[in-house]
Amino acid sequence: MKKLFLFLFTAALLTSCGGSKRVTSKKRNAPTKTERIVLQAQAFSGTKYKFGGTTSKGMDCSGLVYVAFGKENIVLPRVSRDMARKGKPVSKSSARAGDLVFFKTNKNSKQINHVGLVTAVKSGQIYFIHSTSSKGVLTSSLEEKYWKRAFVQVRRVI
C-alpha cells in the first residue's frame, strides 16, 4: 500500500510539473528581398576576379552587384559609375544591409570605379561584399584605411 501511494504521488508530481506548458517552435519567416540579395552575393565569396565577369568562374565588383540584384528582378546598370546614379543617397550613418557603397580607387580619375554591397552594420561599422582584382570576392569593412579613404557615397536602391 505504501508503495502504491508513493507511486501515485510521484506520478502526480511528474505529470503536474510543466505538464501545462506549451512547447512552441519559433517559425523563421522567409528571408526578405534584401536578405536574399545579400545571400546571393555571399554565395560568390572566394570567386576570383575577372574583369566583366558575372559567374562563379570570375566576377568583377559591378558584376557581383548586378547578378545579386538581378536574381530578385531588380535591374541595375552593369557599370559601377552608372549604378551610382540609381536609388537615393543615404548618409553613411544610416547605411543598412542591401545598400550600395561606392568608391573612387583611381587617384588619376574623378569617376566612381568600384561598388560594394552592404552585408551588415555592427556597432557602427559597415561591412560590404565586393570583388577586388587582387583577392576576388570578399567582405571588407569601411573602417579599413584603404576603403575609408576611397569612399564616396552610400545609395539605397531597395
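**Exercise 1. How do helices α2 and α3 cross?**

Task: In this predicted model, find the angle at which the axes of α2 and α3 cross, and decide what to call their arrangement.

Solution:
- Step 1. Two packed helices are described by the angle between their axes and the distance between the axes.
- Step 2. For α2 and α3, the axes come within 8 Å and cross at roughly 135°.
- Step 3. Angles over 145 degrees would count as roughly antiparallel, and those from 65 to 115 as roughly perpendicular. The two helices are therefore oblique to each other.
- Step 4. The crossing of α2 and α3 is right-handed.
- Step 5. On the α2 side, the contact is made by Ile37, Gln40 and Ala41, and on the α3 side by Leu64, Val67, Ala68 and Phe69.
- Step 6. Sort these residues by character: six are nonpolar, one is polar and none is charged.

**Exercise 2. Which side of α2 is buried?**

Task: List the buried residues of helix α2 and work out how they are placed around its axis.

Solution:
- Step 1. Helix α2 spans residues 33-42, and its buried residues are Ile37, Val38 and Ala41.
- Step 2. These residues cover an arc of only 95° around the axis, which puts them on the same side of α2.
- Step 3. A general rule is handy here: an α-helix has 3.6 residues a turn, so residues three or four places apart point the same way.
- Step 4. Now look at what lies over them. The cover includes helix α3 (61-70) and the strands β5 (114-122), β6 (125-132) and β7 (136-141).

**Exercise 3. Follow Ala41**

Task: Decide whether Ala41 is buried or exposed, and find what it touches.

Solution:
- Step 1. Ala41 is found in helix α2.
- Step 2. Its relative accessible area is 2%, so Ala41 is buried; the cut-off is under 20%.
- Step 3. Beyond residues up to four places away in sequence, Ala41 touches Leu64, Ala68, Leu117, Ile129 and Val137.
- Step 4. Compare sequence with space: Ala41 and Thr119 are 78 residues apart along the chain, and their C-alpha atoms are 9.0 Å apart.

**Exercise 4. His114 and Trp147**

Task: Place His114 and Trp147 in their elements, and check the contact lists of both.

Solution:
- Step 1. His114 lies in strand β5, while Trp147 lies in helix α5 (residues 145-150).
- Step 2. His114 counts as buried at 6% relative accessibility, and Trp147 is buried with a relative accessible area of 8%.
- Step 3. Leaving out residues up to four places away in sequence, His114 touches several residues, including Cys61, Phe103, Thr105, His130 and Trp147.
- Step 4. Read from the other end, Trp147 is in contact with His114, and its list also includes Phe103, Thr105, Phe128 and His130.
- Step 5. Trp147 and Phe103 sit 44 residues apart along the chain, yet 7.5 Å separates their C-alpha atoms.

**Exercise 5. Two positive phi angles**

Task: Say where Asn73 and Ser123 are found, and whether they are buried or exposed.

Solution:
- Step 1. Asn73 is not a glycine, but has a positive phi of about 60°. Ser123, also a residue other than glycine, has a positive phi near 50°.
- Step 2. Asn73 is found in the loop between α3 and α4 (80-83), and Ser123 lies in the loop between β5 and β6.
- Step 3. At 70% relative accessibility, Asn73 counts as exposed. Ser123 is exposed too, with a relative accessible area of 83%.

Methods
Residues are numbered from 1 along each chain as its sequence is written. This is a predicted model: local features need pLDDT of at least 70, side-chain atom pairs count only at pLDDT 80 or more; totals for chains, interfaces and linings use all residues. Side-chain values use heavy atoms; hydrogens and water are left out. Buried means under 20% relative accessible area, exposed over 50%, partly exposed in between (1.4 Å probe, protein chains only). Helices (H or I, at least four residues) and strands (E, at least two) are DSSP runs, numbered from the N terminus. The arc is that of the directions from the helix axis to the C-beta atoms. Contact means heavy atoms within 4.5 Å. Axes are lines fitted to C-alpha atoms, for helices over the stretch in contact, and angles run from 0 to 180 degrees between N-to-C directions. Angles under 35 degrees count as roughly parallel, over 145 as roughly antiparallel, 65 to 115 as roughly perpendicular and the rest as oblique. A crossing is left-handed if the near helix is turned anticlockwise from the far one by less than a right angle, and right-handed if clockwise. Ala, Val, Leu, Ile, Met, Phe, Trp, Tyr, Cys and Pro count as nonpolar, Asp, Glu, Lys and Arg as charged, and the others, Gly among them, as polar.
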